[in-house]
Amino acid sequence: LGKKFTQRQELELIINKNRQYDGKIVQELVNGYTRVISSAIIGKNALLEVSAEHGISASLYSEINNMISGITTNSNGVRLDIVDTNTMKTVNGMQYYAVAQGMMFVLYVVGFFSKYALDEKENHTQDRLIVSGVERHKMLLSIGISSGIIVLIQILIFALYSSLIFRISWGNLVNVAILSLFVALSIAGITFLMSSVSIKASNLKIANMFDGIIVILFSALGGSFVPLWGAPTLERLGRLTPNGAAINGF
């Protein structure tokens, strides 16, 4: 285009070295916005230059607004939305890890009760119960229920301690109670399963494997160690773990 219809403008973006991520976000927003505006200006200038050469400038002025509107509307890959962040609920680090660590430690209840069930078998406590008329599934059910009760007590202690010492809010008490009950039921179910396997195999290594490997794996995938909000695939996978689902729920 001729110099008559062009005027170069430069924007200088100064980024704080301590806020590199914020700077990159602003830079991408400015780049996207300026690309759209530049496209509109280039189109306008081209139209004015051509119309001036052919002597039809007056008749084309009415079409400039429509042309610019069409360019900015059809620009792909750029979208600007205004969101009021003051209305959004946020979770700080202390709140997150109060829940995340709590949901990790409830997993250790499974290994503890699995070992306890195997001790009952090796010490012939189960044999004495069977002789007294207690069925095997009732013994396992009692272990599962006991583990669920311990989980509820653990969550209560975590909630009270974090609320009183660190001033952390867990939200609506009714919702917290309902979610805690479901967490207890899930741990009770896993305890029932692992206790059955441990007793059937008569091997302490199964319970130790759960404590040493599965709990760590669930904790990593579920977000008990590090939040997974920046990794969508891992976040979806983590929600399939009991602690990951509980963290997301809380």
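**Exercise 1. A salt bridge across the sequence**

Task: In this predicted model, find which residue's side chain meets that of aspartate 211 in a salt bridge, and state what the pair ties together.

Solution:
- Step 1. Look for the partner. The side chain of lysine 115 meets that of aspartate 211, with an N to O distance of 3.2 Å.
- Step 2. Check the cut-off. A salt bridge needs the nitrogen within 4 Å of a carboxyl oxygen. The 3.2 Å pair is a salt bridge.
- Step 3. Place both residues. Aspartate 211 belongs to helix 8 (residues 204-222) and lysine 115 to helix 4, so the bridge ties together parts 96 residues apart in sequence.
- Step 4. Judge the surroundings. Aspartate 211 has 15% relative accessibility and counts as buried. Lysine 115, at 25%, counts as partly exposed. The cut-off for buried is under 20%.

**Exercise 2. The salt-bridge count**

Task: State how many salt bridges the structure holds, and give the N to O distance for the one between glutamate 235 and arginine 239.

Solution:
- Step 1. Count. The structure holds two salt bridges.
- Step 2. Take the pair of glutamate 235 and arginine 239. Their closest N and O atoms are 2.9 Å apart.
- Step 3. Add the accessibility. Arginine 239 is partly exposed, with a relative accessible area of 40%.

**Exercise 3. Helix 4 against helix 8**

Task: Determine how helix 4 and helix 8 are oriented to each other, and which residues meet.

Solution:
- Step 1. Read the geometry. The axes lie 9 Å apart, and the packing angle is about 180°.
- Step 2. Classify. Angles over 145 degrees count as roughly antiparallel. Helix 4 and helix 8 are therefore roughly antiparallel.
- Step 3. List the contact. Helix 4 brings Tyr108, Val110, Gly111, Phe112, Ser114, Lys115 and Leu118. Helix 8 brings Leu204, Ala207, Asn208, Phe210, Asp211, Val215 and Ile216.
- Step 4. Sort by class. The contact has nine nonpolar, three polar and two charged residues.
- Step 5. Link back. Lys115 and Asp211 are among the contact residues, and their side chains meet in the salt bridge.

**Exercise 4. Helix 4 against helix 7**

Task: Describe the packing of helix 4 on helix 7: angle, axis distance, handedness and contact residues.

Solution:
- Step 1. Take angle and distance. The helices pack at about 35°, with axes 8 Å apart.
- Step 2. Assign the hand. The crossing is right-handed.
- Step 3. List the contact. From helix 4 come Val109, Val110, Phe113, Ser114, Ala117, Leu118 and Lys121. From helix 7 come Ile187, Ile190, Thr191, Met194, Ser195, Ser198 and Ile199.
- Step 4. Sort by class. Nine residues are nonpolar, four polar and one charged.

**Exercise 5. Helix 4 against helix 6**

Task: Repeat the description for helix 4 and helix 6.

Solution:
- Step 1. Take angle and distance. The axes of helix 4 (residues 108-122) and helix 6 (residues 136-165) come within 10 Å and cross at roughly 145°.
- Step 2. Assign the hand. This crossing is right-handed.
- Step 3. List the contact. Val109, Phe113, Ala117 and Glu120 of helix 4 meet Ile143, Ser146, Ser147, Ile150, Val151 and Gln154 of helix 6.
- Step 4. Sort by class. The contact has six nonpolar, three polar and one charged residues.

**Exercise 6. Loop residues**

Task: For glycine 223, arginine 167 and serine 202, locate the loop and decide: buried, partly exposed or exposed?

Solution:
- Step 1. Glycine 223 sits in the loop between helix 8 and helix 9 (232-238). Glycine 223 is buried, at 0% relative accessible area. Beyond residues up to four places away in sequence, glycine 223 touches Tyr96, Ala100, Leu228 and Ile247.
- Step 2. Arginine 167 lies in the loop between helix 6 and helix 7. At 71% relative accessibility, arginine 167 is exposed.
- Step 3. Serine 202 lies in the loop between helix 7 and helix 8. At 42%, serine 202 is partly exposed.
- Step 4. Check the backbone. Most residues other than glycine have a negative phi. Arginine 167 has a positive phi of about 60°, and serine 202 a positive phi of about 50°.

**Exercise 7. The whole protein**

Task: State how many helices and strands the protein has, and what share of its residues is buried.

Solution:
- Step 1. Count elements. The protein has 10 helices and zero strands.
- Step 2. Take burial. Of the 250 residues, 28% count as buried.
- Step 3. Take contact range. Among contacts with a separation of 6 or more, 72% join residues 24 or more positions apart.

How values were computed:
Residues are numbered from 1 along each chain as its sequence is written. This is a predicted model: local features need pLDDT of at least 70, side-chain atom pairs count only at pLDDT 80 or more; totals for chains, interfaces and linings use all residues. Side-chain values use heavy atoms; hydrogens and water are left out. Axes are lines fitted to C-alpha atoms, for helices over the stretch in contact, and angles run from 0 to 180 degrees between N-to-C directions. Helices (H or I, at least four residues) and strands (E, at least two) are DSSP runs, numbered from the N terminus. A crossing is left-handed if the near helix is turned anticlockwise from the far one by less than a right angle, and right-handed if clockwise. Contact means heavy atoms within 4.5 Å. Ala, Val, Leu, Ile, Met, Phe, Trp, Tyr, Cys and Pro count as nonpolar, Asp, Glu, Lys and Arg as charged, and the others, Gly among them, as polar. Buried means under 20% relative accessible area, exposed over 50%, partly exposed in between (1.4 Å probe, protein chains only). Angles under 35 degrees count as roughly parallel, over 145 as roughly antiparallel, 65 to 115 as roughly perpendicular and the rest as oblique.
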